[in-house]
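Welcome! Please take a moment with the sequence and the 3D view below, and then we will walk through them together.

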Amino acid sequence: MLDTHTDVVHREVYRFGTVQYSLLAAKTEGGYFGRWTCGACEGAGGSSVKDDSVGMAMLSAQASLVEHHRAKHGGDGAPLPAA
Ligand SMILES: [Zn+2]
């Protein structure tokens with residue numbers, strides 16, 4: 001979970017089939033990390049290590065999101081930015 005020493009620097013919404021995910025990147029001491037929350041279940045996750053940039057943090061979160069989606073919602077492929 002986010003603690004008090006982080007600042008959210010970026011937010012995105014992705015749609016993956018019928019499931020919508022909220023992604024964010026936060027800056028913390030030593031780097032950035034990405035988080036996602038699932039709109040269809042109580043799932044949440046994100047990058048397990050700090051990344052050097054917002055973009056890398058978002059990619060890490062997306063990779064984690066894809067695993068969740070395949071495991072819990074039977075999806076395949078890549079997430080699409082929500083319109
Ligand atoms: Zn889910």
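Let us begin with one residue, G31, which is found in strand β3. Keep in mind throughout that this is a predicted model. Is G31 buried, exposed or partly exposed? G31 counts as partly exposed, because it has 15 C-beta neighbours inside 10 Å, while a residue needs 20 or more to be buried. Leaving aside residues up to four places away in sequence, G31 touches K50, D51 and D52. Another residue to find from here is V54: G31 and V54 are 23 residues apart in sequence, and their C-alpha atoms are 8.7 Å apart in space.

**The overall plan**

Now step back to the whole protein chain. There are 5 strands and 1 helix in the protein chain, and along the sequence they come in the pattern β-β-β-β-α-β. Of the 83 residues in the protein chain, 28% are buried. What share of the contacts between residues at least 6 apart in sequence joins residues at least 24 apart? In the protein chain that share is 36%.

**How the strands pair**

Three pairings are easy to follow in the 3D view, and the table sets them side by side.

| Strands | Sense | Bridges |
|---|---|---|
| β1 and β2 | antiparallel | 9 bridges |
| β2 and β3 | antiparallel | 8 bridges |
| β3 and β4 | antiparallel | 3 bridges |

Each pairing can be traced through a partner and a turn. Starting with β1 and β2, R11 has L24 in β2 as its bridge partner. These two strands form a hairpin with 2 residues between them, and G17 in the turn has a positive phi of about 65°.

Moving on to β2 and β3, L23 stands opposite W36 in β3. Here, too, there is a hairpin, with 2 residues between β2 and β3; G30 in its turn has a positive phi of about 95°.

Last come β3 and β4. R35 has G46 in β4 as its bridge partner, and the hairpin that joins β3 to β4 does so through 5 residues.

**The helix**

Next, turn to helix α1, which covers residues 54–73. With 20 residues, α1 reaches 27 Å from its first C-alpha to its last, close to the 28 Å expected at 1.5 Å a residue. Just after α1 comes G74, whose phi is positive, near 70°.

Which residues of α1 are buried? They are A57, M58, S60, A61, Q62, S64, L65 and H69. An α-helix has 3.6 residues a turn, so residues three or four places apart point the same way. What covers the buried residues of α1 includes four strands: β1 (7–16), β2 (19–28), β3 (31–38) and β4 (44–46).

**The nonpolar core**

The helix and strands come together in the final stop of our tour. The largest nonpolar core has 14 residues, and Y21, L23, A25, A57 and A61 are those with the most contacts inside it. At least two residues of this core come from each of β1, β2, β3 and α1. Which element gives the most to this core? The answer is β2, with 5 residues. Two residues here are already familiar: L23 is the one standing opposite W36, and A61 is among the buried residues of α1. As a general background, nonpolar side chains tend to be buried together in soluble globular proteins.

Notes:
Residues numbered from 1 in each chain as written. Predicted model: local features only at pLDDT ≥ 70, side-chain atom pairs only at ≥ 80, totals over all residues. Expected span 1.5 Å × (residues − 1). Buried ≥ 20, exposed ≤ 12 C-beta atoms within 10 Å, placed from the backbone. Contact = placed C-beta atoms within 7 Å. Pairing = 2+ DSSP bridges. Core = buried A, V, L, I, M, F, W, Y, C linked by C-beta atoms within 7 Å.
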